[in-house]
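Here are a few exercises to work through with the model open beside you. Try each task before reading its solution.

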Protein chains: 4
Amino acid sequence: MFFASDNSGPVHPAILESLGRANAGYAMGYGNDPFSKSVAQKIRDTFEAPEAAVYLVPTGTAANSLILATMTKPWETVFCTPMAHINCDECNAPEFYMGGAKLTLVEARAAKMTPESLRKALDNEGNRGVHGPQRGPVSITTVTERGTIYSLEEIRAISAVTKEYGLKLHLDGARFANAMVALGATPAEMSWKAGVDAVSFGGTKNGCMGVEASVIFDPTLAWEFELRRKRAAHLFSKHRFLAAQMDAYLEGGLWTDLARAANAATGLLVAGLQGRNDIRFAFEPQANIIFFEAPRALHQRLLGAGAVYYVEDGDVTAGDPAGILTGRLVCDWSMTPEAIDQFLSLLAG
Amino acid sequence: MFFASDNSGPVHPAILESLGRANAGYAMGYGNDPFSKSVAQKIRDTFEAPEAAVYLVPTGTAANSLILATMTKPWETVFCTPMAHINCDECNAPEFYMGGAKLTLVEARAAKMTPESLRKALDNEGNRGVHGPQRGPVSITTVTERGTIYSLEEIRAISAVTKEYGLKLHLDGARFANAMVALGATPAEMSWKAGVDAVSFGGTKNGCMGVEASVIFDPTLAWEFELRRKRAAHLFSKHRFLAAQMDAYLEGGLWTDLARAANAATGLLVAGLQGRNDIRFAFEPQANIIFFEAPRALHQRLLGAGAVYYVEDGDVTAGDPAGILTGRLVCDWSMTPEAIDQFLSLLAG
Amino acid sequence: MFFASDNSGPVHPAILESLGRANAGYAMGYGNDPFSKSVAQKIRDTFEAPEAAVYLVPTGTAANSLILATMTKPWETVFCTPMAHINCDECNAPEFYMGGAKLTLVEARAAKMTPESLRKALDNEGNRGVHGPQRGPVSITTVTERGTIYSLEEIRAISAVTKEYGLKLHLDGARFANAMVALGATPAEMSWKAGVDAVSFGGTKNGCMGVEASVIFDPTLAWEFELRRKRAAHLFSKHRFLAAQMDAYLEGGLWTDLARAANAATGLLVAGLQGRNDIRFAFEPQANIIFFEAPRALHQRLLGAGAVYYVEDGDVTAGDPAGILTGRLVCDWSMTPEAIDQFLSLLAG
Amino acid sequence: MFFASDNSGPVHPAILESLGRANAGYAMGYGNDPFSKSVAQKIRDTFEAPEAAVYLVPTGTAANSLILATMTKPWETVFCTPMAHINCDECNAPEFYMGGAKLTLVEARAAKMTPESLRKALDNEGNRGVHGPQRGPVSITTVTERGTIYSLEEIRAISAVTKEYGLKLHLDGARFANAMVALGATPAEMSWKAGVDAVSFGGTKNGCMGVEASVIFDPTLAWEFELRRKRAAHLFSKHRFLAAQMDAYLEGGLWTDLARAANAATGLLVAGLQGRNDIRFAFEPQANIIFFEAPRALHQRLLGAGAVYYVEDGDVTAGDPAGILTGRLVCDWSMTPEAIDQFLSLLAG
């Protein structure tokens, strides 16, 4: 009953085994090995983007920060939602990497910006000549930090506004796979075909050990990205072990299988929760993270019985038993029906 | 015959296996797992430093840059040799992490600064009031970038000068193990007992996949280091896999065994090379990196036969066959006597 | 009829003359002249703060950014209102000086944060351990960017919350004098006695040529501030000419006279405007900046007749003549009753 | 007998008067006044560079740092001499403005780099792929920090190497006028005609109160420079008072008259010093700064009698009376023959 995060689960065995295969013999460092080069091509193929600049880094924060730094000047501001990971959970890493650029928060509905709210934020910045921050890229996350998903239409609508203002669009895809399989879309459809300029393509939350790909569709940014990655201490000497993870992740569509498994497990949870009248979903469940409001007493029973998840908005240990608190449940690829059944059976009391 | 770098060799099997063990079940992320905590303690025990702030990062550049940033103000300058890795091979990562602090180069003999050359550099900086850079920490590397080693006496002498000026001493120990076993010293003797304030304790070049420990003996810097690590995107969500590597590395003294193996292999190389009158060592061989001067024609023969190593100071493919060029040979833990024999047999022509 | 800004007016003659007096003979540079030292003392006396670290800089953005940088770590966030000058009008200078720290926007009423809105913002940040930005200083502006003034009680209430969270309070006093004379307070009452830790004490908008004082009440920050100022290229070699301005500004209470004159002129404007039913004040006029809503046609008439001021929220040249737009009027110390009469006479049509 | 620095002397009366003229009435802020615009054109005319991006800033460090930041990426390194002002006397301002780029020191003869020493430094950097710092601009100073001057041929030779490597050339011209009149060159000849890409054109040391012009010959860098200047808090609201200084400085060739006066006064000093056998010039006197080696006892006599200058390399107050120490003498535009006679008469004892 471990629903704390999809980064708490195990690495998929095929990915672990790939590390062993990569370990045979010697290989030049820093990505100059055949494995690393072939994986970059595999990612380009996956995205149907033969020219894309593709680089591996070990964390999602690195992918986000390096991409944003490559696309943003220090006197610009990045447009994102208030709950964006880059705003809340990266300890100013984007600002650090961007050399002091800032973030402008765009009003969100279900954790998604809208064309209207984006336009309003854009109109409110970058209109004071040299005095104010200049407009920089727009950054969206899908699956969002609240478990919702931008439809392809929604991405295209955001992109249309972004292009209208001459800006670039970044997609934080820490859970790219989960959103993509939920939409039934291809990687290209959910990225460059929808007007996205760069993707942080997540692996770690979906069964890898620690690898994300930075996919930038404008190849002229490649060399700058390489220098920024090295300067940020994110160029691995034994780079083949990042490549090995990503290789197994993409091989035979493993990555989509894992995302489907995580989403399906979440679907079972949702099915079990939604019939109850003491539980309400704070946001429409669409992928593998859900937020449910329930009385404190219910949270206490679940957590007391060994379920592991975060309660977001208050002290679960003390207070009115009827007080409503929001729990966050995340299923990773390895979540079993048994664990979910066990969890749901606790609801019955 | 792969002598290009000790980061080109394989991961030791025990370290790979440790990843598998760490993969059992769920664990809280970001170092909040039992494995990560116990490994930190293991490092403290190794260094006989029960209070030390100990953190894992994936690359040596990250360890160096984060430690230096934690000990340096942006208006200060770090004292290091011209060939220091932080000066030559980190693409301005230290300057980036330190927020624009600079490096002052200290004259080196056999890639080591001396108390005299350090004192001269210190006296030449930090004496112009608010106008010049202020004096910051001193950083030394051992095994040095030219394969030499600071004796314990030499470290203590550098440290004495450092302390006299009220500064801190950092040790870039990407090859800490190789130096330590060569000296027959303990980790404590080669660090805090000799006046070192912080160590980048290498694992990657000595059989790990990608892990280094930042060991800072002043525990009051711990929280700042944690924030800097997160802000630099170097806090891994699946942190247990960094811990697993370091755990196996330290377990039963594996790390010293691996370093001894690498040094011993290098010793065989040295023995085979030193009898020849067309070869000269550019620096005294002391650990697992050696630099040998030889005629271009000899390099061509070696490389042509499949030996892999860097020639540092010129174009090996074209020019006077008798021209002298310097080759760098590095042995990692996995280097076999057979490969060395094969290499040496090429010398005979 | 020049109401565009109080930085568009002339330098007061006494301040210009002071430059001439400072020009006699030679003086050591970089603030090491007797003039600069005595002026620092004069500022300390003015603030009844014998220990304060006091430094002159040429612009308000420099004063704000240097103070904030001295009080903020790069992984922290500064709390300010959305319309704060540091957020809107400094092109990311605070972020640059702070090394990538960020700003968290606090809901404002009449351009002032309240204890409640501040508390809400504080509770929403700094509660995610190492993941989120850490809480840094609070920054308020008075006279605010919308012409309102924090009462002493309001400053004390903000300060109480700030202290409760263990944070520091900065006051952007670009128009410190205008607020102070409006309140009938002393400099000490409007700063450290109300819990303010540092003040950007403006001179430029109130009759100086280009000088602001950074007043930091914690003297232990002095040396860091000096280094930051130099590193930011804001230490003047001919520093005595900054000092000369500030000396004349403070001499005999000139600075309060100038602020009273500016406020009084604004009072005449307000009196003339407020009787009209086609004009509404967007914010209560309290000092020397006012915002008035009026039909586009009226703005067109005023501007067409030669009045100079900014219309904030739309295109004044085209659109519905009855459309309501907001004009901003600022009076500096030199504004004459004649100019105001001329402006008001235009209203009559 | 005030020879401490040319930034210790008075502002020329014509420049002070110009401030008064600029003070008439109201003017739009931030350089949007007619005065500021016409002065920019005057500088372009002076340099025969109709397209140049020309901006005023208050300090030489600001001019240097902003120009270098505009021409340098954070992962690059700037090539300069060890005694360059940007290296020794700006407290890491260039590194701060450049976002952590570094400086590579080029061997100097008489404080000047040579084509050979520059080429050697260039060949030693930027040849390690992504690992090392990349090559950035070259920066020279003339009048150098040791009082010597690059001939036009020397500048052209440096520029030729710079261009060969595809780099840009910056000239720190804090004493541009003194070098130019000594060479009998035009501004264009000493800058773009010799291959210089950008000049920090000094005013402050040559009779202004505090103004320097950044002159960048590539107009496409204009907007970035404006944003960087604002972000660095160096855009003055009452910008007309920077413009007024520069206007009077250029008017009727005042700036060249002032430089000629300073150089001529220095010539008198040199003539008086060079006959003595207890005095030796450390560098050939060429402009308005000279370095003379003399016995400690002689320095003591000069300083004791009221001469003001810096002794660079030791404690003048204690030690062997016969010990040789180096004094630095600088003449500004206002230095009188009487003061020089008085100084020289002290030599006689």
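A polar contact is a pair of N or O atoms within 3.5 Å; within protein, one must be able to donate a hydrogen and the other to accept it, and residues adjacent in sequence count only if both atoms are side-chain atoms. This is a predicted model, in which local features need pLDDT of at least 70 and side-chain atom pairs count only at pLDDT 80 or more, while totals for chains, interfaces and linings use all residues. Residues are numbered from 1 along each chain as its sequence is written, chains are lettered from A and ligands numbered from 1 in the order in which they are written, and side-chain values use heavy atoms, with hydrogens and water left out.

**Exercise 1.** Describe the interface of chain A and chain B.

*Solution.*
- Start with polar contacts: 29 residue pairs are in polar contact between chain A and chain B, both residues being at pLDDT 80 or more.
- Next, look for salt bridges (a side-chain nitrogen of Lys or Arg within 4 Å of a carboxyl oxygen of Asp or Glu). The rule finds 0 between chain A and chain B.
- Now take the buried area, the accessible area (1.4 Å probe) that two parts lose on being put together, summed over both. For chain A and chain B this is about 4200 Å², and carbon and sulfur atoms give 62% of that.
- Finish with the main contributors: Y26(A), F96(A) and K238(A) supply 20% of what chain A buries against chain B, more than any other three residues.

**Exercise 2.** Classify the ring pair of F2(C) and Y26(D), then decide how far each residue is buried or exposed.

*Solution.*
- Recall the rule: rings of Phe, Tyr and Trp (its six-membered ring) pair if their centres lie within 6.5 Å; planes under 30 degrees apart count as stacked, over 60 as edge-to-face and the rest as tilted.
- Over all chains, the search finds 62 aromatic pairs.
- In this one, the centres of F2(C) and Y26(D) are 5.1 Å apart with planes at 5 degrees, so the pair is stacked.
- For accessibility, buried means under 20% relative accessible area, exposed over 50%, and partly exposed in between (1.4 Å probe, protein chains only).
- F2(C), at 14%, is therefore buried, whereas Y26(D), at 28%, is partly exposed.

**Exercise 3.** Which kind of pair do Y309(C) and F343(C) form?

*Solution.*
- Their ring centres lie 6.2 Å apart and the planes stand at 85 degrees, so the pair is edge-to-face.
- Both Y309(C) and F343(C) are buried.
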